[in-house]
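The exercises below ask the reader to work from local backbone features towards the overall build of each chain. Each task is followed by a solution that proceeds step by step.

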Amino acid sequence: MSFGIMFAILGGVLAAAGGGAGSAIGVGRVGRAAAGVVTEDPSKFGKVLILQILPGTQGLYGFLIAFLLLTQIGVMGGSPIQLTAAQGLMYFAACLPMAICGFVSALHQANAAVSGVSIVAKRPEESGKAIIFAAMVETYAVLALLISILAMFNITANINA
Amino acid sequence: MRETEYAYAIARIRANELKMLGAQDLERLISAESYDAAVRILTDKGWAQPDANSAYDICEAELESAWQFISESVPDRSLLEAVIIGNDFANLKAAIKAKFSNHPLESYMTVPCVCPVEKIIKAVDEGEFADLPDYLKDCAYEAYHAYTEKQSGQLTEIIIDKACAAYKLSCADKAQSSLLKEIHTLTAAVSDIKTARRCVSTGKTKQFALDAVSGSGKLDSSALVNAAYDNKGLAEAVKAPGLEELAEYADGDFTLLEMYCDNLITKKAKEYKHEVFGPDAAVAYYYGKLAEIKNVRIILSAKASGVPDSVISQRVRELYV
């Protein structure tokens, strides 16, 4: 196995691990706050559950990037393509936006969602606004996802050209 | 301890804040026809049923349940014991005084507390303090001997108050709660002002006053005592950073000084009302409950003794919610 493939796989691993770790911490953090509200008022379960789910999306995005990368470089099909170290590093760099932004945005989205849980606790009728505040952070995870996908497809196109 | 570990406790607190008495509830209590009517309003709001018409039973039950609620919600209750640790020192003071004055002890003991009341009573009865927690042991021994050997109730109080102020500040540091530190610094400063003025009015020596003030607040102890003994007024000596407003009340009525202190604590607690992580929100809630309970005590006592509504309105403290 070449260095190129190794760098590319490392990028995919980082994207999945960064997004996944951020989401795991984030979902757990919001879960604690949500449990606090449900302890006092079980009828708010549905509203706090939506807030708890929000920081979980970065984990999915990270998984998606890793999956696409493994498909692009042929690892998923069992016949990896030959990559130079430079090409491998390009794939690695393409994965970094999702790895870094996925991790950071999941944590900050969790903090916003925990604040949202406090809104639901005191003013359940305003839960929509609480969701919007937390969802705003998602924008940057989506942008990072798009950049990682675009970069990856363009690298593949250049390699195949 | 990570601040995010408080997320569960704070979410529970936010949900519980809805049950706290608001300005409208307070108005209803003040304008209630009688003591019984006021108690009915409280029981409708979920407060405990009174025991033999004693206002203090309701308030104590409410305060105990507030502490119970906080202690079962926070990740480490020992860190937040700093909010109730003062009651242990108050109980020690009560136990020593009651032993030598033959007063019924139970009515003077304060709950919630960290060290069981029975343990303190037993230690004072036997004059043996080894079983008390470390933070009480030394000051209990010193205060007990001050009472038995010098027959000085005031010296006993001073020894306990000083130990209490110093320990409260160390607890606030341990809990990493900036709110608790601010509150304990403020209460230590107010306590020092009262001590200095009391020493002057009871004819104690300046040295006695210097030993008596805790020095745990932001105030310069010697400047404070000198100002009190030189009859220059305390306003100048009290102008420490963050306590500027205190100077206005330092030379006035003790009731107004206490009211200012209570209101300032509630104001500081309100600043942490929207925190979602860390111990400060739990501390703020407890002090919010204290303010609420103090108001209920004021109102119920006034209702029981027929004080007019307009006078009660002037005495009530600022509310947390």
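**Exercise 1. Locate Q176(B), describe its backbone, and decide whether the residue is buried or exposed.**

Solution. Q176(B) is found in the loop of chain B that runs between helix 9 (153-175) and helix 10 (178-201); the model is a predicted one. Turning to the backbone, Q176(B) has a positive phi of about 55 degrees, although the residue is not a glycine. For the last step the cut-off is needed: a residue is exposed when its relative accessible area is over 50%. Q176(B) has 56% relative accessibility and therefore counts as exposed.

**Exercise 2. Determine where E81(B) lies, whether it is buried or exposed, and which residues it touches.**

Solution. E81(B) lies in the loop that links helix 5 (77-80) with helix 6 (85-101) in chain B. The term buried applies under 20% relative accessible area, and because E81(B) has a relative accessibility of 17%, it counts as buried. When residues up to four places away in sequence are left aside, E81(B) touches W67(B) and V114(B).

**Exercise 3. Describe the peptide bond from V111(B) to P112(B), and place P112(B) in chain B.**

Solution. The peptide bond that leads from V111(B) to P112(B) is cis, and its omega is near 0 degrees. As for its place, P112(B) is in the loop of chain B between helix 6 and helix 7 (117-126).

**Exercise 4. Establish how many disulfides there are over all chains, and examine C59(B) and C113(B) in this light.**

Solution. The criterion is a pair of cysteine sulfur atoms within 2.5 Å, and by this rule the count over all chains is 0 disulfides. For C59(B), the closest cysteine sulfur is that of C113(B), at 17 Å, which is too far for a bond. C113(B) is likewise in no disulfide, since the nearest cysteine sulfur, in C115(B), is 7.2 Å away. As to burial, C59(B) is buried with a relative accessible area of 0%, and C113(B) is buried with a relative accessible area of 17%.

**Exercise 5. Assess the overall build of chain B from its helices, its radius of gyration and its burial.**

Solution. Chain B has 16 helices and 0 strands. A compact globule of 321 residues would have a radius of gyration near 20 Å, and chain B, with 20 Å, agrees with this. Its C-alpha atoms fill a box of roughly 50 × 45 × 45 Å along the principal axes. Of the 321 residues in chain B, 53% count as buried, while the accessible surface comes to about 14,500 Å², with 48% belonging to carbon and sulfur atoms. Finally, the mean positions of the 37 positive and 49 negative charges of chain B are 2 Å apart.

**Exercise 6. Describe chain A by its helices, its span, its surface and its charges.**

Solution. Chain A contains 5 helices and 0 strands, and along the sequence the pattern reads α-α-α-α-α. The C-alpha trace of chain A spans about 60 × 20 × 20 Å along its principal axes. Of the 161 residues in chain A, 43% are buried. Among contacts in chain A between residues at least 6 apart in sequence, 85% join residues at least 24 apart. Chain A exposes about 7,500 Å², of which carbon and sulfur atoms supply 75%. Its side chains include 7 positive and 5 negative ones, and the centres of the two sets lie 4 Å apart.

Key:
Residues numbered from 1 in each chain as written. Chains lettered and ligands numbered in written order. Predicted model: local features only at pLDDT ≥ 70, side-chain atom pairs only at ≥ 80, totals over all residues. Heavy atoms only, no water. Helix = DSSP H or I, 4+ residues; strand = E, 2+ residues; numbered from the N terminus. Rg over C-alpha atoms; globule rule 2.2 N^0.38 Å. Buried < 20%, exposed > 50% of the residue type's maximum accessible area, 1.4 Å probe, protein only. Areas by Shrake-Rupley, 256 points an atom, 1.4 Å probe, with all protein chains shown as cover. Lys, Arg positive; Asp, Glu negative; His and termini not counted. Charge placed at Lys NZ, Arg CZ, Asp CG, Glu CD. Contact = heavy atoms within 4.5 Å.
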